[in-house]
Amino acid sequence: MVKEWATVVRWQKGRALLRYGSSAGCGSCSARAACGSYALNKIGPNTEHELEIEIEQPLVVGQKIEVGIPEGSLLRSAMLVYLTPLIGLFLFAALAQSADFEQLWVAVSGVFGGFAGFFIARTMASHWRHKIDFQPIVLQIGLPPGEVCVQTHS
């Protein structure tokens, strides 16, 4: 399970808008030289993302929620996004090559196959969007802000 803490931005009628991003500690560990997340967070302009989920429990703006998605679903999504256009590129280029087209047309066919693979992946992703396996799961709900009051006795 891939887990991430998110902050409630809005909750209305059983739907919550959550905002999540890179943690404040990202980049402080000793593995940052070989960390892909650190590199992407460093070059990417937007490190915060939004997610809308269904949750019946009333939430307060600023409340923290831990959401998760199964690794299998994440891997299938990544394979769909990356492999489908790549397979389309190679398949169309190979078909053009086997038909004895000129190299320019083989390259153009490969690019066309990559775009075709992208649109196939996009269509499949829209069908997968409604499957329960690809929906984020609420793992924990933190207390609303201001609920915890710590008193110290001197």
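Does F119 count as buried, partly exposed or exposed, and at what relative accessibility? At 46% relative accessibility, F119 counts as partly exposed, where buried means under 20% relative accessible area, exposed over 50% and partly exposed in between, with a 1.4 Å probe and protein chains only. The model is predicted, so that local features need pLDDT of at least 70 and side-chain atom pairs count only at pLDDT 80 or more, while totals for chains, interfaces and linings use all residues. Residues are numbered from 1 along each chain as its sequence is written, and side-chain values use heavy atoms, with hydrogens and water left out.

The sheet offers a starting point. Five strands, taken like the helices as DSSP runs numbered from the N terminus (strands E, at least two residues; helices H or I, at least four), form an open sheet of 5 strands in the order β3-β2-β1-β4-β5, with antiparallel pairing; two strands pair if DSSP finds at least two bridges between them. At the edges stand β3 (48-54) and β5 (137-141), each with a single partner strand, so one side of each has no neighbour in the sheet. From one strand to the next the twist averages 40°. Strand β1 (residues 2-12) and strand β4 (residues 64-69) run antiparallel and are joined by 6 bridges, and T7 has K64 in β4 as its bridge partner.

The helices come next. The UniProt annotation "transmembrane region", from an unreviewed entry, covers residues 79-98 and 104-121, although such annotations may be inferred rather than shown by experiment. Residues 79-98 are 100% helix and 0% strand, with end C-alpha atoms 27 Å apart, and residues 104-121 are likewise 100% helix and 0% strand, with end C-alpha atoms 26 Å apart. Among the buried residues of α3 are V106, G110, G117 and W128, and what covers the buried residues of this helix includes α2, contact meaning heavy atoms within 4.5 Å.

Aromatic rings of Phe, Tyr and Trp (its six-membered ring) pair if their centres lie within 6.5 Å, with planes under 30 degrees apart counting as stacked, over 60 as edge-to-face and the rest as tilted. By this rule there are 2 aromatic pairs. The rings of F92 and F112 have centres 5.6 Å apart and planes at 55°, so this pair is tilted; it links F92 in helix α2 (residues 71-98) with F112 in helix α3 (residues 103-128), 20 residues apart. F92 is partly exposed at 29% relative accessibility, whereas F112 is exposed at 52%. The rings of F118 and F119 have centres 5.2 Å apart and planes at 70°, so that pair is edge-to-face.

How values were computed:
Axes are lines fitted to C-alpha atoms, for helices over the stretch in contact, and angles run from 0 to 180 degrees between N-to-C directions.
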